[in-house]
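Student: Could we go through this model together? I'd like to see how each label is earned.

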Amino acid sequence: MKRRTCRKCGRRRYLKFFAKNKGSKDGHIHTCKDCHRKYTQKHYERNKLVYKERAASWYHENHEVAKAAKLKAARRFREKHPEKARASSRAYKKANPQKCAEYENRRRARKMHTQVEPVDRREIYERDNGCCHLCGNPVTFRAMELDHVIPLSRGGTHTKNNLKVAHAICNRRKWANIA
Ligand SMILES: [Zn+2]
Ligand SMILES: [Zn+2]
């Protein structure tokens, strides 16, 4: 097996310790992986702020554009293949019921101009020990609904403190009694 001498530390090491580089004669760089890593780390430390700023500005400029392009493509697809789009959104909803429920809840809460915070539905499920707060019986994560204890329509917020685990059916019953 071929060896070479590292230009930095002077050790003779097998070629596999030298990173590949198409630009150099035999296809490997002249400093061993350990020395190279040390060098890039130092370089990074010295230029950390520059890199961070660059990454932040890239994200700022590009992610909005990328997001807009994605939305536009999705809209075009929906217009062209409405049936397929509906089927795929149904399938998504079936596979991710809680995600979709959360999305719907947030949209409703925003419409009511009440406070909306990011809600981890799994966390609330665990906090409530997987039991419906209306009847006290267990409910699966998949099937649960999150009940706004103070209804959004009465100024309740979409926040952890105002959300409790409920059966869909118990939730309906509560609503029927309120109305
Ligand atoms: Zn070395
Ligand atoms: Zn219940």
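Tutor: Sure, and let's begin with a yardstick: the expected span of a helix is 1.5 Å times one less than its number of residues. Helices (H or I, at least four residues) and strands (E, at least two) are DSSP runs, numbered from the N terminus. This is a predicted model, where local features need pLDDT of at least 70, side-chain atom pairs count only at pLDDT 80 or more, and totals for chains, interfaces and linings use all residues. Residues are numbered from 1 along each chain as its sequence is written, while chains are lettered from A and ligands numbered from 1 in the order in which they are written.

Student: What makes the span of H3 agree with that yardstick?

Tutor: H3 has 15 residues, so at 1.5 Å a residue it should span 21 Å, and its end C-alpha atoms are 21 Å apart. The two values agree.

Student: How do you know that H1 is not straight?

Tutor: H1 covers residues 33-80, 48 residues, and a straight helix at 1.5 Å a residue would reach 70 Å. The end C-alpha atoms of H1 are only 52 Å apart, which falls short. There's also a bend of about 70° at asparagine 47; a bend at a residue is the angle between axes fitted to the seven residues ending there and the seven starting there.

Student: Why is lysine 42 called exposed?

Tutor: Set its count against the cut-offs: a residue is buried if 20 or more other C-beta atoms lie within 10 Å of its own, exposed if 12 or fewer, and partly exposed in between, with C-beta atoms placed from the backbone. Lysine 42 has 10 C-beta neighbours inside 10 Å, so it counts as exposed. Lysine 42 is found in helix H1, and H1 is hardly covered, with a count of zero buried residues among its 48. The C-alpha atoms of lysine 42 and asparagine 105 are 48 Å apart, with their places 63 residues apart in sequence.

Student: And what makes arginine 11 partly exposed?

Tutor: Arginine 11 has 13 other C-beta atoms within 10 Å, so it is partly exposed. Its place is in the loop between strand E1 (3-5) and strand E2 (12-14). Leaving aside neighbours within four places in sequence, arginine 11 is in contact with Cys6 and Cys32; contact needs C-beta atoms, placed from the backbone, within 7 Å.

Student: Which label does phenylalanine 141 get, and why?

Tutor: Partly exposed, because phenylalanine 141 has 13 other C-beta atoms within 10 Å. Phenylalanine 141 is found in the loop between helix H4 (121-127) and E3. Not counting residues up to four places away in sequence, phenylalanine 141 touches Gln98, Arg122 and Tyr125. With arginine 122, 19 residues apart along the chain, the C-alpha separation is 7.5 Å.

Student: What makes the phi of histidine 113 worth a look?

Tutor: Phi of histidine 113 is near 55°, a positive value in a residue other than glycine. Histidine 113 comes just after H3, in the loop between helix H3 (97-111) and H4. With 9 C-beta neighbours inside 10 Å, histidine 113 counts as exposed. Asparagine 129 also has a positive phi, near 55°, and is found in the loop between H4 and E3. Asparagine 129 has 8 C-beta neighbours inside 10 Å, so it counts as exposed.

Student: How do you know that E3 and E4 pair?

Tutor: Two strands pair if DSSP finds at least two bridges between them. E3 and E4 have four bridges, in the antiparallel sense. Histidine 148 stands opposite leucine 163 in E4, and glutamate 145 stands opposite alanine 166.

Student: What shows that both faces of E4 are covered?

Tutor: Leu163 and Val165 on one side and Lys164 and Ala166 on the other are all buried. In E3 (residues 145-148), Glu145 and Asp147 point one way, Leu146 and His148 the other, and all are buried.

Student: What is in the largest nonpolar core?

Tutor: Cys132, Val139, Met144, Leu146, Leu163, Val165 and Ala166, seven residues. E4 gives the largest share, three residues. A nonpolar core is a set of buried Ala, Val, Leu, Ile, Met, Phe, Trp, Tyr and Cys residues joined through C-beta atoms within 7 Å.

Terms used
Two residues are in contact if their C-beta atoms, placed from the backbone, lie within 7 Å.
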